[in-house]
Amino acid sequence: ELLWLRETSRQAGIRIVSATTSNSFINFRTEDGTTKAGYVGFNNGENVMRLSHGGFTSGDGLSVDASGNVGINTPNPGKVLTVVGDDSTAGNWQAREAVVRIQNIDDAAADSRFAGCQFAFSPGHDSTADNYVVGTIGAVLTDTSTQWAGDLVFGVKAATTSTTISEAMRIRTGGNVSIGDTNATANGNGPWQKLHVTSTTDASILIDSYSDTVGSYAKLYFRT
């Protein structure tokens, strides 16, 4: 190693101090001095920590502001995580740029692979227990024979005392929707129609109008 710092009896660190209005950073680049460079440091003007592949003052890369908000491709994250992309080109949805992709690369059988997001609430900062999860949205792999396909699945707790998530709604490849049918998977089960509602008690659909205006209707249309 060109530089090796070792301290065995107390905390070890490196401090980089700049002028009050300047930036403090480490710059990585090749010997030929090309623009293939990386930066890690503190941007004083924006009051953010920055990890960037381009210029240190540009908006690309990863930023962490004073509140702990994280920004990707933006120096001003407005929320816990803010991801910015510039995409105005029409085309198929798979090739869009302003997206967040969650990809499962495990080589498992169809209907076993899942990629999605979980929503949870916990007391304090405890985020270790799975039973804090109250909802899930994700995709389940259903076919790998040709162009890979999957279903979009929505899950919630079946009851307030439940410790696991149960499937509540599924949008299958092709657009058919099932509500309450936990068997509507890739194993040959529905939904066979555009909307398939299943219940272990009463399978009903309620259309309710809260309007106080006389003559208001709650309507269901049938059209060929």
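T82 sits in strand β6, which covers residues 81–83. A strand here is a DSSP run of E with at least two residues, while a helix would be a run of H or I with at least four residues, and both are numbered from the N terminus. This is a predicted model, in which local features need pLDDT of at least 70 and side-chain atom pairs count only at pLDDT 80 or more, while totals for chains, interfaces and linings use all residues. Residues are numbered from 1 along each chain as its sequence is written, and side-chain values use heavy atoms, with hydrogens and water left out.

Which residues does T82 meet, leaving aside neighbours within four places in sequence? T82 is in contact with V70, G71, I72, T74 and P77, where contact means heavy atoms within 4.5 Å. There is also a polar link to follow: a polar atom of the T82 side chain lies 3.1 Å from the backbone nitrogen of G78. A polar contact is a pair of N or O atoms within 3.5 Å; within protein, one must be able to donate a hydrogen and the other to accept it, and residues adjacent in sequence count only if both atoms are side-chain atoms.

Just before β6 comes a loop worth a look. N73 lies in this loop, between β5 (70–72) and β6. The phi of N73 is near 65 degrees, a positive value in a residue other than glycine. N73 has a relative accessible area of 38%, so it is partly exposed. The cut-offs are these: buried means under 20% relative accessible area, exposed means over 50%, and partly exposed is in between, using a 1.4 Å probe and protein chains only.

Now step back to the whole chain. How many helices and strands does the protein chain have? The count is zero helices and 12 strands. Of the 224 residues in the protein chain, 18% are buried. The chain exposes about 17,300 Å², and carbon and sulfur atoms supply 54% of that area. Accessible areas come from the Shrake-Rupley method with a 1.4 Å probe, and for residues only the protein chains shown count as cover. Among the contacts with a separation of 6 or more, 13% join residues 24 or more positions apart.

Next, find strand β2, residues 37–43. Is β2 mostly covered or mostly uncovered? It is mostly covered, with five of its seven residues buried. Two strands pair if DSSP finds at least two bridges between them. Strand β1 (residues 24–29) pairs with β2 in the antiparallel sense over six bridges, and R29 stands opposite A37 in β2. Strand β3 (residues 48–52) also pairs with β2 in the antiparallel sense, over five bridges. There, Y39 has S52 in β3 as its bridge partner. β2 and β3 form a hairpin with four residues between them. One residue in the turn is N47, whose phi is positive at about 55 degrees. N47 counts as partly exposed because its relative accessibility is 41%.

Further along the chain, six strands form an open sheet in the order β7-β8-β9-β10-β11-β12, with mixed pairing. Why is one side of β7 and of β12 left without a neighbour in the sheet? β7 and β12 (195–197) stand at the edges, each with a single partner strand, so one side of each has no neighbour there. From one strand to the next, the twist averages 20 degrees. For such angles, axes are lines fitted to C-alpha atoms, for helices over the stretch in contact, and the angles run from 0 to 180 degrees between N-to-C directions. In a regular strand the side chains alternate between the two faces of the sheet.

At one edge, A115 lies in strand β7 (residues 114–120). Not counting residues up to four places away in sequence, A115 touches I102, N104, G138 and A139. A115 and L141 are 26 residues apart in sequence and 8.6 Å apart in space, C-alpha to C-alpha.

Finally, move to M169 in strand β10 (residues 166–171). Strand β9 (residues 149–156) and β10 pair in the antiparallel sense over five bridges, and F154 stands opposite M169. Not counting residues up to four places away in sequence, M169 touches L152, V153, F154, V177, S178 and I179. M169 and D181 are 12 residues apart in sequence, with their C-alpha atoms 7.5 Å apart in space. M169 is partly exposed because its relative accessible area is 25%.
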